[in-house]
Every structure is written in structure tokens, then in C-alpha cells.
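Here is a short briefing for the bench. Look over the sequence and the structure first, then read on by topic.

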Number of protein chains: 2
Amino acid sequence: MDRFTVNDIPHNEALRTPVVDTIVRHASVRKFDGSQPLPEGLVTVLVAAAQSAPSSFNVQAWSVIEVADPALKKALDDLLDQEGQINDAPLFFVFCADTYRLRQALGRRGWPLQYDHLDLLLVTTIDTALAAENCAVAAESLGLGTCFIGDLRLKRREIAEMLKLPKGVFATFGMTIGHAAKRNPVKPRLPQSAVLHRNRYSVETLERDLARYDEMMIRSDVYKGRRERVPGLTPEPEKDTVPYGWTEHTARRFASDHHSPPGTLEFLRDKGFQFE
Amino acid sequence: MDRFTVNDIPHNEALRTPVVDTIVRHASVRKFDGSQPLPEGLVTVLVAAAQSAPSSFNVQAWSVIEVADPALKKALDDLLDQEGQINDAPLFFVFCADTYRLRQALGRRGWPLQYDHLDLLLVTTIDTALAAENCAVAAESLGLGTCFIGDLRLKRREIAEMLKLPKGVFATFGMTIGHAAKRNPVKPRLPQSAVLHRNRYSVETLERDLARYDEMMIRSDVYKGRRERVPGLTPEPEKDTVPYGWTEHTARRFASDHHSPPGTLEFLRDKGFQFE
């Protein structure tokens, strides 16, 4: 199965390069088979792939921390309630937005940072994500499974301490990598017409697209046993018969602070980012 | 040439999948050969690749606008002083961080957004970047050249108007795609030891890494004729004999507001993002 099949997308088969094939087959892997050794030199190749991603001003404002120490892996798994996903992953990377090096370059000259601070946060976040996606795609081309660990956001302050992140650096997300013990199906995405616009942003097809996608997600069982509860907003579990597709799930996710990190602004201020 | 050669990285040749090969050969393409037609169905495949990237909470908080209208392309090229790079690109995408759909999902239910606002900005920016990198890698696997247009940041407000971006949506970067008229060499990156850390962030090798990289960049001629000027800080052009490597270039870039977008915070506030 792949994106084309799952989302029923007619396409030009001639454009299916090995790269396209790898990308459209992506599904996150959360269970790893630790008995199969990782190939020798894997980290070198993954970092080379990550470093080959574009970077604004070639500033390369990201770092990756390979967490190899078993005690540290276990501590991060516990901290984030990952039920072994981090602990059992043969390879665990923490990708960090990193403005430390550019601050060093300025510091050597005694010059102040004059660049727009909020945009710098975007630059460093984008650099990190581009690099990480290259890493993931490269790993998957080697037959490995990957999973981004976005939950790092919930404990950024603790993680910064555990990984000794200096000023200007914060953990953006993690990535578990290894041979899959279990492969998940490719998840349906929004219809292309919902995300692709021509010349101008258009909401013309949005209602229809959301309705189609809700149906698709309900059929897919992705949310089976995963109904979000928002105290005061959603019905009691036993009375919760609301059709549960993407819009309902997304509304519940974002109408609650249950999955929300605490005080990102204050944390990033403490880490040297400015907002004014 | 590729990342391994340019950065002189010994590696396990067995790990060079077609995907790794495509990724490590990346160099931005800024001149396009418009005489070669793009393959039929290209956009469909690129968007399928983009949509196959991971997304936090499966929220898919990004959109892409294909700018096909010649007048609009020309207007964006002029606005951003791109000297034809956008205008001459057979395909021009504007990638947008997009929280409109999730706001719609909340709005249908009449629920407020309770998720941490600054983290939501990171979520949407990361989603956009992951999708865009998949798109770029897929395009390059088809023999096409790509270039991220980060300069969109300089005119976000004007672009939001031109592309009719609604609340919760902003242009993150553009991407030009087409057959290359001219290929640039693969750009050297920082030594791996500068970006890869083990268990804890380490600055142990940083000074040596920066010195090595400065030498490498000076040798590479990347900065030839591209010395940044920062009035009051850098010497007059004719007296500017400072060794000009990555650290000097980066310091000059960020000690100046010359390449900095104006008022990102105010703009994003106007677009419905909150910072408190």
C-alpha cells in the first residue's frame, strides 16, 4: 500500500522513481525488532543526508543528538510516557533547533544579533525539520522504520537539562529508527484539493474535502478506541456517539490543553529567544 | 559530486540507496531551462510525496499554492527582486503554514483554541517544512532542480494579500522547480562533529570544526564577490581583507537587519497567531 492507493490518486506511473516509492510508502513505525543489528556506518549516512537538506543563509541552525546511553534513553522514555518506544528503538535521535553556533560566530566579533528574533525561530525550526525529513527518508530507503516523537514538546525544559542544551538550542522532536517489528498501514491524508491551491488560497472545495476525509478516516478505523475527551465539551464516554472523523478529532485535540506543552513562550525566552 | 565527496566523509558504500544518492547530490538550482516540458502529472506526484511526510497529530497544518498565472509569478518575482528565478521557473510553489483548517474544525463546534499558541506556530512550521522537503527530494529524483525561496519572509504581508491567505495561514517559503539550465556544485557543510552530538550537547570539537569549515568555505569560493557589508561594523570594501569563511559570513548576516524580515511578530499576530 502507498499514498496513491490509500488516497485513491490517479497518477502517472512513469514518475514513480525509487525515491517517490519510498516516500509514498511512509508509515510511522512504533515497534522495533531489536534483534536485527543496524547496518554499520548508518549514523554517518543519515547525518550526511540530513546535512544535504537546504538551509536558509547556509546557517545550518540545527543539531542532532544521538542518545545511545541506555540509562538516558530509559529516562527519556519514562519522562515522555513512551511505553518503550524510545527505549526499544535501536537508534534514537533528538533533533534540536540550534542557534548556538551562529551566536558564537557573532560573539567572536562582539556583534549583537540584529536579525528579527521571531523569524530566526522560524528559520532554525525549518532548518531542523528539513534535515530531519531527509534523515527519515534515507533511513526508510534502507528498509528501516522511523517515527517522529513530537511529544518531546511536552517536556522541553527537562530535556534541555538532561541533554545539556546551551542557550539558543531546544529539542524540536525526536526520531526513533530501527527495523520494524510491526508496520502500520499508510494513513489516509486530506484530499489533494484541500492542501493544493492554484494562484490563490481557495476554500471552495473545503467543506466537501473535509466531509470526504471524515468518511475516509471513519472507514479506516484510525481513531478506533482513540476518542479524545475534553471535559466540559465532549459527552460522557458511554454517550459519545458523535461521528468521529478528522474534524472531530482535530477539534477535540486543539480545544484541550491535554496534548499542549506548558509555556513554550516562557521556555524559549529562557533559552535566549526573544519575542518583541 | 555529492555530500560524501565534498565533505570528505568516509562511509559504507552499501548504504547508498537511490534515495541516499538523490539526497546527497542536492544543490539548489537557480537557472531553469524552460524549453524542456515538465512531465505530465508532476504536481499530483509532488503533492502526494509532500502529503506523505509525518504530521503532528495528523493535523496536516500546511498548504501549497501553485502559482501558475504568469502575471502573478512576475509580480512575485518583482516584489522579491528574484531577477527571473521565480518568473522563469516552470513550476513555482508557495508553501504555507496553515492553521485555517484546524480553526475551521474548532469553529464548527464553537470551541476555542486551547493549545499552546507558540507551540502551534512550531507545529505548523514543522509540518510545512517536512512536506516541502519530501516534495523537493521527489522532484530531484525525477532529474529536476529545486530551490527554496526563503526570501518570501521579507514580504509576507504583501504575499498574504496577493495569494488571499486567510487567518491562520502565512507563506513560509517558496520553491522553484524545473529542469536545470545550470547546476551548482554541492555546497560544503559543517563537519559532522559540529552537528552530531552523543548523549549530550557538546562544544568540545566546535572551535576546531568551525576553523576547518571556515578554511573549507574559503577554498570553495562560495563567498567570492559576496561579502556582506554591515555599516559601522565591517571595513570599507577596499580595506576588507578579513578572512571570509562561514563564521564571518554568518556573523555579518545576523549582525545586520539587511536580510531580516520586518516585524514578524506583528504580522503573525495580525494573522491570528498569539504570543502570550
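**A loop residue facing the other chain**

Leaving aside neighbours within four places in sequence, Asn58(B) is in contact with Lys187(A), Pro188(A), Arg189(A), Tyr213(A), Met217(A), Tyr223(A) and Trp246(A). This is a predicted model. Asn58(B) sits in the loop between helix H3 (42–51) and S2 of chain B. Its relative accessible area is 4%, so Asn58(B) counts as buried.

**Aromatic pairs around the contact**

- Two of the contact partners of Asn58(B) are Tyr213(A) and Trp246(A).
- Tyr213(A) and Trp246(A) also form an aromatic pair with each other.
- That pair is tilted, with 5.9 Å centre to centre and 50° between the planes.
- Tyr213(A) belongs to helix H9 (residues 206–220) of chain A and Trp246(A) to helix H10 (residues 246–254) of chain A, so the pair ties together parts that are 33 residues apart in sequence.
- Tyr213(A) has a relative accessible area of 0%, so this residue is buried.
- Trp246(A) is buried too, at 0% relative accessibility.

**Other aromatic groups**

- Over all chains, the structure holds 22 aromatic pairs.
- Tyr115(A) and Phe254(B) make a tilted aromatic pair, at 5.1 Å centre to centre and 55° between the planes.
- This pair crosses between chains.
- Tyr115(A) lies in the loop between helix H5 (100–109) and helix H6 (117–141) of chain A, while Phe254(B) lies in helix H10 (residues 246–254) of chain B.
- Both Tyr115(A) and Phe254(B) are buried.
- One aromatic cluster is formed by Trp62(A), Phe93(A), Phe95(A), Phe148(A) and Phe173(A).
- In chain A, Arg103(A) lies over the face of Phe273(A), 5.3 Å from the ring centre.
- In chain B, Arg103(B) lies over the face of Phe273(B), again at 5.3 Å from the ring centre.

**Strand S3 of chain A**

- How many of the eight residues of strand S3 (residues 91–98) of chain A are buried?
- Eight of the eight are buried, so this strand is largely enclosed by the rest of the structure.
- In a regular strand, side chains alternate between the two faces of the sheet.
- One side of S3(A) carries Leu91(A), Phe93(A), Phe95(A) and Ala97(A).
- The other side carries Phe92(A), Val94(A), Cys96(A) and Asp98(A).
- Both faces are covered, and the residues on each are all buried.
- Phe93(A) and Phe95(A) are also members of the aromatic cluster.
- Strand S2 (residues 62–66) of chain A runs antiparallel to S3(A), joined by five bridges.
- Ile65(A) stands opposite Val94(A) in S3(A).
- Strand S5 (residues 169–178) of chain A pairs with S3(A) in the antiparallel sense over eight bridges.
- In S5(A), Gly174(A) is the bridge partner of Val94(A).

**Strand S3 of chain B**

- Eight of the eight residues of strand S3 (residues 91–98) of chain B are buried, so the strand is largely enclosed by the rest of the structure.
- Leu91(B), Phe93(B), Phe95(B) and Ala97(B) point one way from S3(B).
- Phe92(B), Val94(B), Cys96(B) and Asp98(B) point the other way, and all of these residues are buried.
- S3(B) pairs with strand S2 (residues 62–66) of chain B in the antiparallel sense, over five bridges.
- Ser63(B) stands opposite Cys96(B) in S3(B).
- Strand S5 (residues 169–178) of chain B runs antiparallel to S3(B), with eight bridges between them.
- Val94(B) has Gly174(B) as its bridge partner in S5(B).

**Chain A as a whole**

- Chain A has eleven helices and seven strands.
- Its C-alpha trace spans about 60 × 45 × 45 Å along the principal axes.
- The radius of gyration of chain A is 21 Å, which agrees with the value near 19 Å for a compact globule of 276 residues.
- Buried residues make up 64% of the 276 residues in chain A.
- Among contacts in chain A between residues at least 6 apart in sequence, 76% join residues at least 24 apart.
- The accessible surface of chain A is about 10800 Å², and 48% of that surface belongs to carbon and sulfur atoms.

Methods
Residues are numbered from 1 along each chain as its sequence is written. Chains are lettered from A and ligands numbered from 1 in the order in which they are written. This is a predicted model: local features need pLDDT of at least 70, side-chain atom pairs count only at pLDDT 80 or more; totals for chains, interfaces and linings use all residues. Side-chain values use heavy atoms; hydrogens and water are left out. Rings of Phe, Tyr and Trp (its six-membered ring) pair if their centres lie within 6.5 Å; planes under 30 degrees apart count as stacked, over 60 as edge-to-face and the rest as tilted. Helices (H or I, at least four residues) and strands (E, at least two) are DSSP runs, numbered from the N terminus. Buried means under 20% relative accessible area, exposed over 50%, partly exposed in between (1.4 Å probe, protein chains only). A charge sits over a ring if NZ of Lys or CZ of Arg is within 6 Å of the ring centre and within 35 degrees of the ring normal. The radius of gyration is taken over C-alpha atoms; the globule rule is 2.2 Å times the number of residues to the power 0.38. Contact means heavy atoms within 4.5 Å. Accessible areas come from the Shrake-Rupley method with a 1.4 Å probe; for residues, only the protein chains shown count as cover. Two strands pair if DSSP finds at least two bridges between them.
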